[in-house]
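Got the model open in your viewer? Here's a short tour of what to select next and what you'll find there.

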Amino acid sequence: LFTPLVFNAAFYRILHEPFVLWHSLLTTSLLSTIVVSSGLAVVLFDPPAMTLSWMTTAIFGLTVASGAMFTHSFIEPGLMHPVLRRALLYCAAWALMLSMSHAAFPFVGRSVQSTVYTAAFAPVIVVFLLSLCDALRRGSRAAKFQAIGYMPIVLAGLVRLVTGVVPGFDSNDAMMLFYAGCVFEVWFTTLGVADRFMSIRRQRDHARIEADMLERLAERDALTGLLNRRAIEQNFEKFRAEGHHTLAVLDLDHFKSINDAHGHVVGDAVLKAVGRALEGDRYVQAFRLGGEEFVLLVRGEDAQARAERRRQAISVIVANEIPGLGNPVTASMGMVRAEPSNDLAFTGLYDQADKLLYNAKQAG
């Protein structure tokens, strides 16, 4: 029974889930139950009989309460009726109240009160069984481990309940069945905790992958598939550190006339073709800033030539993919090279290249 406590400590360091703590408390209370009720307590610290009786009752209440709280937090969200999940909280409080009041009850009156005390746990067993059945019906994996693990303890509880309440039966604590059930329960619920741990890890890994994917999508232009302004602004220093010291700003010439003459559907097709012409590789990062404006970040000794080849490729690729436009689609470009010692931010370099782009437009 000590072993799951070691596992739970390792689990909780990685995954701060409350069911791990409740399982640790349940395991500790079962361990305490065995120590107190089996005679080990007499060997270890030899408490007075009254103290031993009080401890046995109190620990039993703690065991039931921690078991209810473990089930409350362990069954997956949405796989147990909310009313039953809430009822488990009341069961935990009820079990603690019962055990504390019974432990404080005068010892001479215990025989009279024991029947009432035992019968008072019947609603707890009913709620627990209904909760497990409901969770199993809804497809809970956690409930399967609990259903198997709790069988001997529930059976021991039923034996105690029936023999303690029904007339004609001699009261039977079913302690050997209870001891076996303690170990059986902890083994199977520990397997359940490990299974749930791995399930949550998979869910979180999946969520992280989805978040990364959405982050990448947020940095892409939906029409052309090129990186967008957000990507260049957020990662400019990283691109500079990788050697992309040449920045080119391109703007399609007379693009408005294409939309006016052929419509926006053809205009979008032109922009897609331009995106393929500018498509990046390990030397070039290509971006669409918006409208018909694009940016290239280029590295290497022949960075200017690489940017110019892409600018010239626009006319060829658009003409091949979209015939019937009449005039060739061209682009003007302004280009600057930032030396590694130059600490200008993206906006500063962009402004310089944009002025050169404007000069190119003016020069025809």
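Start by selecting Asp 134: this residue is buried, with a relative accessible area of 9% (buried means under 20% relative accessible area, exposed over 50%, partly exposed in between, with a 1.4 Å probe and protein chains only). Now add Arg 137, which is exposed at 62%. The two form a salt bridge, with their closest N and O atoms 2.9 Å apart (that is, a side-chain nitrogen of Lys or Arg within 4 Å of a carboxyl oxygen of Asp or Glu). Both sit in helix α7, three residues apart, about one turn of the helix (helices are DSSP runs of H or I with at least four residues, strands are E runs with at least two, both numbered from the N terminus). Bring in Arg 138 as well: Asp 134, Arg 137 and Arg 138 are linked in a network of salt bridges.

Before moving on, a word on the ground rules: this is a predicted model, where local features need pLDDT of at least 70 and side-chain atom pairs count only at pLDDT 80 or more, while totals for chains, interfaces and linings use all residues. Residues are numbered from 1 along each chain as its sequence is written, and side-chain values use heavy atoms, with hydrogens and water left out.

How many salt bridges are there by this rule? The count comes to 15. Try Glu 308 and Arg 311 next, a pair whose closest N and O atoms are 2.8 Å apart. They are three residues apart in helix α13 (residues 303-321), so about one helical turn separates them. Glu 308 is partly exposed at 24% relative accessible area, and Arg 311 is partly exposed at 24%.

For a longer reach along the chain, select Asp 251 and Lys 361, a salt bridge with the closest N and O atoms 2.9 Å apart. This pair links distant parts of the chain, 110 residues apart: Asp 251 is in strand β2 (residues 246-252) and Lys 361 in helix α14 (residues 346-362). Asp 251 counts as buried at 16%, whereas Lys 361 is partly exposed at 29%.

Since you're at β2, show the whole sheet. Five strands form an open sheet in the order β1-β3-β4-β2-β5, with mixed pairing (two strands pair if DSSP finds at least two bridges between them). β1 (227-228) and β5 (331-337) are at the edges with a single partner strand each, so one side of each has no neighbour in the sheet. Zoom in on β3 (residues 284-290) and β4 (residues 293-298): they run antiparallel, joined by six bridges. Gly 290 stands opposite Glu 293 in β4.

Now for the pockets. On a 1 Å grid over the protein atoms alone, a pocket is an open set of points where a 1.4 Å probe fits, with protein on both sides within 12 Å along at least five of seven lines; lining residues have an atom within 4 Å of a point. The largest pocket holds about 1,000 Å³ of space. Of its 37 lining residues, select those closest to the centre: Phe 60, Tyr 117, Phe 121, Gly 157 and Arg 160. Helices that each supply at least two lining residues include α2 (18-37), α4 (49-74) and α9 (175-218).

Last stop: the second largest pocket, with about 190 Å³ of space. Among the residues lining this pocket are Asp 253, His 254, His 262, Asn 327 and Thr 330.

Notes
Grid points are joined across faces, edges and corners, and a volume is the space filled by probe spheres set on the points.
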